[in-house]
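Welcome to a short set of exercises on a protein model. Keep the viewer open, try each task yourself, and then read the worked solution.

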Amino acid sequence: MAEKHTYESIMRDLKARKFCPVYILMGEEPYYIDQIAGYIEEHVLQPEEKDFNQTVVYGLETSSAQVVDLSRRYPMMAEYQVVMLKEAQNMRSWDRFDKYFENPSASTILVICYKNKKLDTRKSFMKKAAQVGVVFDSPKKRESELPKFIEAYVKEKDATIDRKATEMIADFVGADLARLASEIDKVLITLADDRHITPEIVESKIGISKDYNFFELREAIIRRDVLKANRIVKYIDSNPKTVSLFSFLPQLFSFFQNLLIAQFAKDKSDRGVAAELKLSSPWAAKDYIRAMGQYNVTQTMRIIRSIRQVDVKSKGVNNQNTTPGDLMKELIFIILH
């Protein structure tokens, strides 16, 4: 069976200049595809080699026959040539790759970027590609995986970050990894010598309130702090340019959906809940452990139904006059009572 490649293993080999003749980079998360392809574009060839040995083509404007012809050429005064096929999801014909992947050119590095969906790995050319090169699937990150991504990204940049700051960025940006990286970079360039990101820095540089955000709303809900929860909803309703109240709905739904799963877990320890929810570490399960002490299964199921109803109303269904603020106040009341 062909080796399963991860982003980390691919980047490790690329940095060690261990190249494969074929890279098929596909999946719903474009961030890792762009990172791998970008590294190959920037680092395989020397600047003076790129004019004659680096070719970029696009799926809408080319065919598999043309890409194969390019890949069979020999490099000019260089060890390798790089052929980059971008937006491959727009290419119609793939038939010529089947034969080429049986014996790809050892001096060519062919990179195929197929974004937002996946190629069928059962196809003959995909099986052959996996035997001679790298087939990488880049899945979309779950909300629960974002803190781990942020922490790893910050660590890679030789910095550290508070847990609350991590949650603030994750909640504000969501599962758009490219934007997450961009927002973190915006903070990193302003850091002092200690290279540590605090909630105050996030508030100042990204514009997220350290007191009025989903992280704080969730904390208030877990503690059943009625006053604080309503204060947060009122503040955000009065400052719609900062963030939409309705952007909290999928996050609330995800939290209570995970809480329901945790409530049915056989092992309700930190480790058991983290494993059941596929969380990055046991500490990430602590909020669910605490919430289980405040909400039973019946209440959780009722809350999930209410979130769905508010979501429908937020889209204008059976709702002509109720404002976003009133809808969210009603939802918070249902959750906390």
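**Exercise 1. The whole chain**

How many helices and how many strands does the secondary structure of the protein chain come to? Add a description of the chain's extent, burial and contacts.

Solution. Keep in mind that this is a predicted model.
- Step 1: counting along the protein chain gives 17 helices and seven strands.
- Step 2: along the principal axes, the C-alpha atoms fill a box of roughly 70 × 45 × 45 Å.
- Step 3: of the 337 residues in the protein chain, 48% are buried.
- Step 4: take the contacts between residues at least 6 apart in sequence; 73% of these join residues at least 24 apart.
- Step 5: the accessible surface is about 17700 Å², and carbon and sulfur atoms account for 50% of that area.

**Exercise 2. The nonpolar cores**

Find which members of the largest nonpolar core touch the most other members, and which helix gives the most to this core.

Solution.
- Step 1: the largest nonpolar core has 48 residues, and Y23 and I40 are the ones that touch the most other members.
- Step 2: helix α2, spanning residues 30-43, gives the most to this core, with seven residues.
- Step 3: now select I40 and set aside its neighbours within four places in sequence; the contacts left are L14, Y23, Q54, V82, M84, I109 and V111.
- Step 4: look also for a second, separate core, which has 36 residues, among them I221, L249, F256 and M292.

**Exercise 3. Aromatic pairs**

Classify the ring pairs Y31–Y32 and W94–F97, and say whether these residues are buried or exposed.

Solution. A pair of aromatic rings is described by two values, the distance of the centres and the angle of the planes.
- Step 1: a search of the whole structure returns 15 aromatic pairs.
- Step 2: Y31 and Y32 lie 5.3 Å centre to centre with 75 degrees between the planes, an edge-to-face pair. Both Y31 and Y32 are buried.
- Step 3: for W94 and F97, the centres are 5.5 Å apart and the planes meet at 50 degrees, so this pair is tilted. W94 and F97 are both buried.
- Step 4: follow the ring pairs onward, and W94, F97, Y100, F101, Y114 and F125 are linked into a cluster.

**Exercise 4. A charge over a ring**

Which ring does R224 lie over, and at what distance from the ring centre?

Solution. R224 sits over the face of Y295, 4.1 Å from the ring centre.

Definitions and conventions. Residues are numbered from 1 along each chain as its sequence is written. This is a predicted model: local features need pLDDT of at least 70, side-chain atom pairs count only at pLDDT 80 or more; totals for chains, interfaces and linings use all residues. Side-chain values use heavy atoms; hydrogens and water are left out. A nonpolar core is a set of buried Ala, Val, Leu, Ile, Met, Phe, Trp, Tyr and Cys residues joined through side-chain atoms within 4.5 Å. Buried means under 20% relative accessible area, exposed over 50%, partly exposed in between (1.4 Å probe, protein chains only). Helices (H or I, at least four residues) and strands (E, at least two) are DSSP runs, numbered from the N terminus. Contact means heavy atoms within 4.5 Å. Rings of Phe, Tyr and Trp (its six-membered ring) pair if their centres lie within 6.5 Å; planes under 30 degrees apart count as stacked, over 60 as edge-to-face and the rest as tilted. A charge sits over a ring if NZ of Lys or CZ of Arg is within 6 Å of the ring centre and within 35 degrees of the ring normal. Accessible areas come from the Shrake-Rupley method with a 1.4 Å probe; for residues, only the protein chains shown count as cover.
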